Amino acid sequence: RAQLNFIEQTPITLLGVGLVEMAGKGGQWLAPLGALFLLGRVCHGIGMDGTFKPGRGIGMLTGMVLQLTLVVVAVGTALGKF
């Protein structure tokens with residue numbers, strides 16, 4: 001299930017990162033958030049393995065926060081607010 005979760009979440013997130021960057025709204029904040037997403041994916045995998053149980057929640061939370069941030073920036077850009 002850990003691999004399937006990665007396949008479900010990562011392409012959508014990378015697409016969002018790419019679209020925000022192509023729109024010119026990436027700036028200084030996008031790379032650290034991408035690194036945080038990568039760290040969250042590693043934590044999720046370790047959490048699914050059972051070695052570090054809170055890692056699964058950390059991984060899910062970082063993914064959701066990044067995706068929500070990307071959606072807010074994308075919608076704000078489309079509406080001309082950013």
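**Exercise 1. Determine which helix gives the most to the nonpolar surface patch, and with how many residues.**

Solution. Helix H2, which covers residues 30–49, gives the most to the nonpolar patch, with three residues; helices here are DSSP runs of H or I of at least four residues, strands are runs of E of at least two, and both are numbered from the N terminus. The model is predicted, so that local features need pLDDT of at least 70 and side-chain atom pairs count only at pLDDT 80 or more, while totals for chains, interfaces and linings use all residues. Residues are numbered from 1 along each chain as its sequence is written, and side-chain values use heavy atoms, with hydrogens and water left out.

The patch itself has an area of about 420 Å² and is made by Leu38, Val42, Ile46, Phe52 and Ile58. Patches take residues with over 30% relative accessible area and no salt bridge, joining like charges within 9 Å and nonpolar side chains (Val, Leu, Ile, Met, Phe, Trp, Tyr) within 5 Å; a salt bridge is a side-chain nitrogen of Lys or Arg within 4 Å of a carboxyl oxygen of Asp or Glu. Accessible areas come from the Shrake-Rupley method with a 1.4 Å probe, and for residues only the protein chains shown count as cover.

Phe52 sits in the loop between H2 and helix H3 (54–78), and Phe52 is partly exposed, with a relative accessible area of 37%. In this scheme buried means under 20% relative accessible area, exposed means over 50%, and partly exposed lies in between.

**Exercise 2. Compare the span of H2 with its expected value, and list its buried residues.**

Solution. H2 has 20 residues and reaches 29 Å from its first C-alpha to its last, close to the 28 Å expected at 1.5 Å a residue, where the expected span is 1.5 Å times one less than the number of residues. Its buried residues are Leu30, Phe37, Gly40, Arg41, Cys43, His44 and Gly47. Met48, also placed in helix H2, is by contrast partly exposed, at a relative accessible area of 28%. Although Met48 and Gln3 are 45 residues apart in sequence, their C-alpha atoms are 9.7 Å apart in space. Just after H2, Gly50 takes a positive phi of about 100 degrees.

**Exercise 3. Carry out the corresponding analysis for H3.**

Solution. H3 has 25 residues and reaches 36 Å between its first and last C-alpha, close to the 36 Å expected at 1.5 Å a residue. The buried residues of H3 include Leu66, Gln67 and Leu70. Thr13, which lies in helix H1, touches these three residues and Phe37, not counting residues up to four places away in sequence; contact means heavy atoms within 4.5 Å. Thr13 is itself buried, with a relative accessible area of 1%. Just after H3, Gly80 takes a positive phi of about 80 degrees.

**Exercise 4. Describe the overall fold and the confidence of the model.**

Solution. The protein has three helices and zero strands, and follows the pattern α-α-α along the sequence. Buried residues make up 27% of the 82 residues. The average pLDDT, the predictor's confidence in each residue from 0 to 100, is 92, and 98% of the residues score at least 70. Confidence is lowest in helix H1 (residues 2–22), at a mean of 90, and highest in H3, at 94.

Terms used:
Buried < 20%, exposed > 50% of the residue type's maximum accessible area, 1.4 Å probe, protein only.
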